[in-house]
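Me: I am new to this structure and would like a close look at a single part rather than a quick tour. Please choose where empty space might be looked for, and tell me carefully what surrounds it.

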Amino acid sequence: MNVISNYSKYLTPTSLARKPSAIRKLMPLMKNPGMVSLGGGLPNPAMFPFCGRIEFQVSMPPKSTSPHPSSKAADGMISFDHFKTMKLVLDGKDLEEALQYSPTPGLPGLVSQLRDIQSREHNLDSVIHGTANNPLYDLSVTVGSQDALTKAFEMLLQHDCDQVFLENPTYSGALAFLQPYGVKLTPINTDNRGLDPDHLHALLASSATTQGRRVLYTIPTAQNPSGVTLDNERRRAIYQLACEHDLIILEDDPYYFLSPERQSLVSFLELDAMNCQSEGQSVTTRGLGEVDSNLGKGGRVLRFDSFSKIFSAGMRIGFVTAPIPLLERINLHIQGTNLHNCGVSQAMVSQLLKAWDGWSGLDSHVKKVATFYGRRRDWIVEAAEKHLRPEGSVPLASWTTPNAGMFLWLQLHNIPDTKSLIEEKAAAANVLFVPGQAFDPLNRPSSYVRAAYSTASRDDMNVAMKRLADLIQGCKTN
């Protein structure tokens, strides 16, 4: 196997110092037959006021991507209220497990279901725990993918020492953690194909002698805020660079299930698994002089997935799939902070997946979700064309139409800084966007604006674009 054997150099002193909880490590032993436990401080469930059962209705998974006309709402959009529903029940041992402290990686039933999903989505069957004889990867359920992501940042990056390469623009939630954290943020250029590997190569070459750890953070599918999906050719080129320059890749993919093309995309996790299973170095280390023993090897990708966009944002179900030594460090961090994710949320998702026959039901559901957001994308582009690029007039803005996701990334013409326009004038005109500066790793002025099309009606999208056009025209006349 072509796998990194020792991760010590990638880990911060804080992460290396984490030790297993003496109490948490008893959890797997408590279910052993005949075990009598006086070790864990589990509260007695007889005193929990929740008893009997929890019932909830869910939609049955659609059988095709073309809904019957009766399954459309009045505004022409697919409405899950019109699909057949089924009742699911949490009771007995399932309810007891959901209400009690549980293993840090997640409820065992849900973890098993997620392993199957990841195996099918990213071809991990021969390398993930639960199916592989010698597993290289496993996963843990986290409080949304954001929880796992920030713990990974803390595991791999030390204040004032280390460097993150990341797309410009990038997710403002990641910047909310990284900017005050005190690491060096190095923006990478992007275009309508996503992150530019040539620019990344130049940046890596110019910083090759820099001391400290280096990490690549990327959102490859329906990127927030640009909406761009990184194509497979670039994904392979970027993974090659990561191996050549010994980067750990943080693959943040919360919009993956919204992509109608997801099954044709190769994830960084899948590329990493293929590299791990190759004989010797399948990735070249050209022109690098003395070669580090880890260069070219696999086991350098952590992938962050989320059910927030397809099941429920409030349930806070995310999961991280990673090489086992790195996942163990994240689990130790969880033990010292939030112990584990909400048991009831996990149990509800597990019951849903069970009722839907696991991956096959999920696959049908997410195809329907992708169709839903694709239609809304068409609406906002239609509104933008009408008001920002009116026929016979000078265009007020430009954009790349996203193939998936929730966002349209608009570049306003002749307005180099949109911050005051959006935060002050637009708000006063009763229309909300997010200025591009919020997504710049270095917090620089930006000519861009992010428009979210996930919840607004078709009519409201037209109103919003008309108000934005009026504001832009007002700037021209002042």
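Reply: Helices and strands are here taken as DSSP runs, a helix having at least four residues and a strand at least two, and they are numbered from the N terminus. With these names, Pro33 can be placed in the loop between α1 (13-17) and β1 (53-59). The model is a predicted one, and what follows should be read with that in mind. Pro33 counts as exposed because its relative accessible area is 82%, above the 50% that exposure requires. From Pro33 to Thr400 there are 367 residues in sequence and 59 Å in space, taken between C-alpha atoms.

From that outer place we can turn to the spaces. Rolling a probe the size of a water molecule over the atoms shows where empty space is left. The largest pocket has a volume of about 560 Å³, and of the 24 residues lining this pocket, those closest to its centre are Pro28, Pro105, Asp138, Ser140 and Asn331. Three elements, α3 (108-122), β3 (137-143) and α9 (324-335), each give at least two residues to the lining of the largest pocket, and α9 has the largest share, with seven residues. Sorted by class, this lining holds eleven nonpolar, seven polar and six charged residues.

Of these elements, α3 deserves a slower look. With 15 residues at 1.5 Å a residue, α3 should span 21 Å, and its end C-alpha atoms are indeed 21 Å apart, so the expected and the modelled spans agree. The buried residues of α3 include Leu110, Val111, Leu114 and Ile117, but also Gln113, Arg115, Glu121 and His122. The buried residues of α3 pack against β3, which also helps to line the largest pocket, and against α8 (268-276), β10 (301-306), β11 (317-323), α10 (343-355) and α11 (359-388). Just after α3, Asn123 takes a positive phi of about 55°.

The pocket is open, but there are enclosed spaces to consider as well. A search of the whole structure finds two cavities of 30 Å³ or more. The largest cavity has a volume of about 60 Å³, and its lining includes Glu167, Thr190, Gly194, Thr218, Pro220 and Leu230. By class, the lining of the largest cavity divides into five nonpolar, five polar and one charged. The second largest cavity holds about 40 Å³ of space; among the residues that line this second cavity are Thr14, Arg18, Lys151, Glu154, Arg329 and His333. The elements that give two or more residues to the lining of the second largest cavity are α1, α4 and α9. Thus α9 returns here, having already supplied seven residues to the lining of the largest pocket. By class, the lining of the second largest cavity has two nonpolar, three polar and four charged residues.

One of those elements, α4, also takes part in an aromatic contact. Phe153 lies in helix α4 (residues 144-156) and Tyr217 in strand β8 (residues 214-218), so the pair ties together parts that are 64 residues apart in sequence. The ring centres of Phe153 and Tyr217 are 5.7 Å apart and the ring planes stand at 70°, which means that the pair is edge-to-face. Both Phe153 and Tyr217 are buried.

Definitions and conventions: Residues are numbered from 1 along each chain as its sequence is written. This is a predicted model: local features need pLDDT of at least 70, side-chain atom pairs count only at pLDDT 80 or more; totals for chains, interfaces and linings use all residues. Side-chain values use heavy atoms; hydrogens and water are left out. On a 1 Å grid over the protein atoms alone, a cavity is a set of points where a 1.4 Å probe fits but cannot get out, and a pocket is an open set with protein on both sides within 12 Å along at least five of seven lines; lining residues have an atom within 4 Å of a point. Grid points are joined across faces, edges and corners, and a volume is the space filled by probe spheres set on the points. Ala, Val, Leu, Ile, Met, Phe, Trp, Tyr, Cys and Pro count as nonpolar, Asp, Glu, Lys and Arg as charged, and the others, Gly among them, as polar. The expected span of a helix is 1.5 Å times one less than its number of residues. Buried means under 20% relative accessible area, exposed over 50%, partly exposed in between (1.4 Å probe, protein chains only). Contact means heavy atoms within 4.5 Å. Rings of Phe, Tyr and Trp (its six-membered ring) pair if their centres lie within 6.5 Å; planes under 30 degrees apart count as stacked, over 60 as edge-to-face and the rest as tilted.
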